[in-house]
Amino acid sequence: MGTVKKFVNVEYMCRWCGGKSVRPQTAGRPLPGNCSRRPRNRLGKPQPHSWVINRKF
């Protein structure tokens, strides 16, 4: 019989800079912060990270 695996942690990765953040599954996405590789907007302000799920473990 197969066992059901429970995922406890989620690793998020920024689409632009590749920055990673590991968080518990119940905590949700990390705060946006400022991405160093993303181009600045027309007012010259930095743009936030764009977090995607990289892996669950």
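This report describes cysteines, a histidine, a nonpolar core and selected strand and loop residues in a predicted model.

## Cysteines without disulfides

The whole structure contains 0 disulfides. For Cys-14, the closest cysteine sulfur belongs to Cys-17 and lies 3.7 Å away, which is too far for a bond. Cys-35 has its closest cysteine sulfur in Cys-14, at 3.8 Å, and this separation is likewise too far for a bond. A disulfide requires the two sulfur atoms to be within 2.5 Å, so neither the 3.7 Å separation nor the 3.8 Å separation qualifies.

Two of these cysteines are shielded from solvent. Cys-14 is buried, because its relative accessibility is 1%. Cys-35 is also buried, with a relative accessibility of 3%.

## His-49 and its surroundings

His-49 is located in the loop that runs between strand E2 (20-24) and strand E3 (51-56). Its relative accessibility of 18% places His-49 among the buried residues, because the limit for that class is under 20%.

Beyond its neighbours within four places in sequence, His-49 contacts Cys-14, Cys-17 and Cys-35, together with Pro-32, Gly-33, Asn-34 and Arg-38. With Asn-34 there is also a polar contact, in which the side chain of His-49 reaches the backbone oxygen of Asn-34 at 3.4 Å.

## The nonpolar core

In soluble globular proteins, nonpolar side chains tend to be buried together. Here the largest nonpolar core comprises 5 residues, namely Val-10, Tyr-12, Cys-14, Cys-35 and Trp-51. Strand E1 (residues 9-14) supplies the largest share of this core, with 3 residues. Cys-14 and Cys-35 thus belong to the core, and both are also in contact with His-49.

Val-10, another member of the core, has further contacts beyond four places in sequence. These partners are Ser-21, Val-22, Arg-23, Gln-25, Ile-53, Arg-55 and Lys-56.

## Glu-11 and the aromatic residues

Glu-11 is situated in strand E1. With a relative accessible area of 8%, Glu-11 is buried. Not counting residues up to four places away in sequence, Glu-11 touches Lys-20, Ser-21 and Val-22, as well as Val-52, Ile-53, Asn-54, Arg-55 and Phe-57.

Two of the residues touched by Glu-11, Arg-55 and Phe-57, are also arranged as a charge over a ring: Arg-55 lies over the face of Phe-57, at 4.5 Å from the ring centre. As for pairing between aromatic rings, the whole structure contains 0 aromatic pairs.

## Gly-28 and Lys-45 in the loop between E2 and E3

Gly-28 lies in the loop between E2 and E3. This glycine is partly exposed, with a relative accessible area of 24%. Its contacts, leaving aside neighbours within four places in sequence, are with Tyr-12 and Arg-23; Tyr-12 is one of the residues of the largest nonpolar core. Gly-28 is 18 residues from Val-10 in sequence, and the C-alpha to C-alpha distance between the two is 8.7 Å.

Lys-45 is likewise placed in the loop between E2 and E3. Its relative accessible area of 53% makes Lys-45 exposed, because the exposed class begins over 50%. From Pro-32, Lys-45 is separated by 13 residues in sequence and by 14 Å in space, C-alpha to C-alpha. Pro-32 is itself among the contacts of His-49.

Key. Residues are numbered from 1 along each chain as its sequence is written. This is a predicted model: local features need pLDDT of at least 70, side-chain atom pairs count only at pLDDT 80 or more; totals for chains, interfaces and linings use all residues. Side-chain values use heavy atoms; hydrogens and water are left out. Buried means under 20% relative accessible area, exposed over 50%, partly exposed in between (1.4 Å probe, protein chains only). Helices (H or I, at least four residues) and strands (E, at least two) are DSSP runs, numbered from the N terminus. A polar contact is a pair of N or O atoms within 3.5 Å; within protein, one must be able to donate a hydrogen and the other to accept it, and residues adjacent in sequence count only if both atoms are side-chain atoms. Contact means heavy atoms within 4.5 Å. Rings of Phe, Tyr and Trp (its six-membered ring) pair if their centres lie within 6.5 Å; planes under 30 degrees apart count as stacked, over 60 as edge-to-face and the rest as tilted. A charge sits over a ring if NZ of Lys or CZ of Arg is within 6 Å of the ring centre and within 35 degrees of the ring normal. A nonpolar core is a set of buried Ala, Val, Leu, Ile, Met, Phe, Trp, Tyr and Cys residues joined through side-chain atoms within 4.5 Å.
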